[in-house]
Structure formats: C-alpha cells, structure tokens
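Visitor: Please pick one part of this model and take me through it closely, then show me what lies beyond that part.

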Amino acid sequence: MMRAMPSAQRPDAVVFDNDGLLLDTESVWTRAEGDLFERYDADFTAEHKRELVGTSADIAGGLIEGWLGQHGRRAELMEELNGLVVAELEHGVEAMVGARDLLERLKAQGTPIGLVSNSPMPFVRRSLEIVGFEAIFDVLISGHDVAAPKPAPDPYLEACKQLEVEAGPGVIALEDSPTGVAAARAAGLTVIGVPSVDGIELAEAHHIAVNLLDEIVTGLTLIP
C-alpha cells in the first residue's frame, strides 16, 4: 500500500464521505440501530455493524429485515430506523479529529469540496449544521437522490459534475467503508481509506490513512 500521494500538486477536488469519516455519526447510527433491535427483542452485535457500515438503504433494509425476522417489512424498518437516528442526532455529534482544520485549509486554498453520503439528505444537512459545517461544502450529494447509491459510482460522478471537475485521479475521495471505496474507485477517483470501525478492511483503497491527521491526508493541502 502506498504511503504518499503521487504528487504535491493541489488536487482538482476533494470529496468526503460523511458518517464515520467526516463526522462521528457512525456512533449515532449504532445507538439507533441498537434501539431498533431492542424493539424487536434482538441484540445488535459488532458483526451486524460491520455489515451495515456504508451500505445503501435498500441493502441495509434487506439485512435488517432478515436479522429481525421481519421479512417483507424492509421499507417500514428503514423508516423506523431513520426516525430513531434523526432523534438520536439531536443528542449531539462531533467532527472527527482533524476534520475541521482540514476543511478550513482546503477551503482557504480554493480546492473544490464535496460531500457524498448514502444517508438521507435531511440527516446529512442536520448533522453538518450541528457541527457548523453547513456552509463549507460546494456540493452535497445523497445516494437517495441519484440513480444508484454507493457502491455504484453515480454519487461520485454527480459530485464531480456539480463541482465542474473531471472525474479522474486528480479528484481525491476519502472513505471509511468498502462500499464507499468501491463507489469512488468505480468513478475513477483516487481513494484514501480512513477506517473508523474495528474489523473493516479497505484493501481496495489506493492509500490508507490512520485518521484525518495522517500525512497522506494533510498533504492534500499546501497551506501549513
């Protein structure tokens, strides 16, 4: 695995995943998922979490209806979960370590910044508002608003289109899930994997960073 970016030139754009990468919202989802399982007298395990991280609503719903023995209730279960997670979000959320400084430096040097998430747009917007990031992004894309969510390339291709940059290696995507890595790679982007959940491997990422303070990530900015 490469440990340095291929050049010191400013990237064409940087596109972030949200949950677990930019914001510590995976913990919010985890609490909501646990609450949902408790309603159906089931235990939510670390293995369940690993399988859900980064998945689309359709895939997550299929997994959850099977685990809970609620076959045919995929849509209802996801609606229930979305209600729980929005309520849980109001208890507070934090930016991941290094996120605020990284965004500010990218903005200061004029790099286009996008956010691509498989979460519903109302959740994305509210989570950004809570941490004060609502005005920093040039583009926000939800997997619910394109033809196909991650792992399809559609959300990243749409982000590049709206950012008015060519989807290619000059665009850097930061992701914490295999689903997100697959989507960004399929769009032709350079992918930095930043794992946030124990046991998840991002082998298909071009580079791996320990966190957003890793030199691979901070090297995206030319401002000290």
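Guide: Let's start with the wall of the largest cavity, whose lining residues divide into 9 nonpolar, 10 polar and 8 charged. Nonpolar here covers Ala, Val, Leu, Ile, Met, Phe, Trp, Tyr, Cys and Pro, charged covers Asp, Glu, Lys and Arg, and the others, including Gly, are polar. The model is predicted, with local features needing pLDDT of at least 70 and side-chain atom pairs pLDDT 80 or more, while totals for chains, interfaces and linings use all residues. Numbering runs from 1 along each chain, and side-chain values use heavy atoms, without hydrogens or water.

A search of the whole structure turns up 1 cavity of 30 Å³ or more (points on a 1 Å grid where a 1.4 Å probe fits but cannot get out; lining residues have an atom within 4 Å of a point). Its volume, the space filled by probe spheres set on the points, is about 310 Å³. In total, 27 residues line the largest cavity, and those that lie nearest its centre are Trp29, Leu52, Gly54, Thr55 and Ser119. Four helices each supply at least two residues of that lining: α1 (26-39), α2 (46-52), α3 (57-67) and α4 (74-89). Helices are DSSP runs of H or I, at least four residues, and strands are E runs of at least two.

Now for the strands. In β4 (residues 171-175), 5 of its 5 residues are buried, meaning under 20% relative accessible area with a 1.4 Å probe. Val171, Ala173 and Glu175 point one way from β4, while Ile172 and Leu174 point the other way. Strand β1 (residues 13-16) runs parallel to β4 and is joined to it by 4 bridges; strands pair if DSSP finds at least two. Within that pairing, Val14 has Ile172 as its bridge partner.

Strand β5 (residues 190-193) is also parallel to β4, again with 4 bridges between them. Leu174 is bridged to Ile192, and Glu175 to Gly193. Helix α8 (residues 178-186) joins β4 and β5 in a right-handed β-α-β unit: with the strands pointing away from the viewer, the path from the first strand over the helix to the second runs clockwise.

As for the faces of β5, Thr190 and Ile192 on one side and Val191 and Gly193 on the other are all buried. Strand β6 (residues 207-208) pairs with β5 in the parallel sense over 2 bridges. There, His207 of β6 stands opposite Ile192, a residue that is also the bridge partner of Leu174.

Methods:
1 Å grid on protein atoms, 1.4 Å probe; cavity = no way out; pocket = protein on both sides within 12 Å on 5 of 7 lines; lining within 4 Å. Buried < 20%, exposed > 50% of the residue type's maximum accessible area, 1.4 Å probe, protein only.
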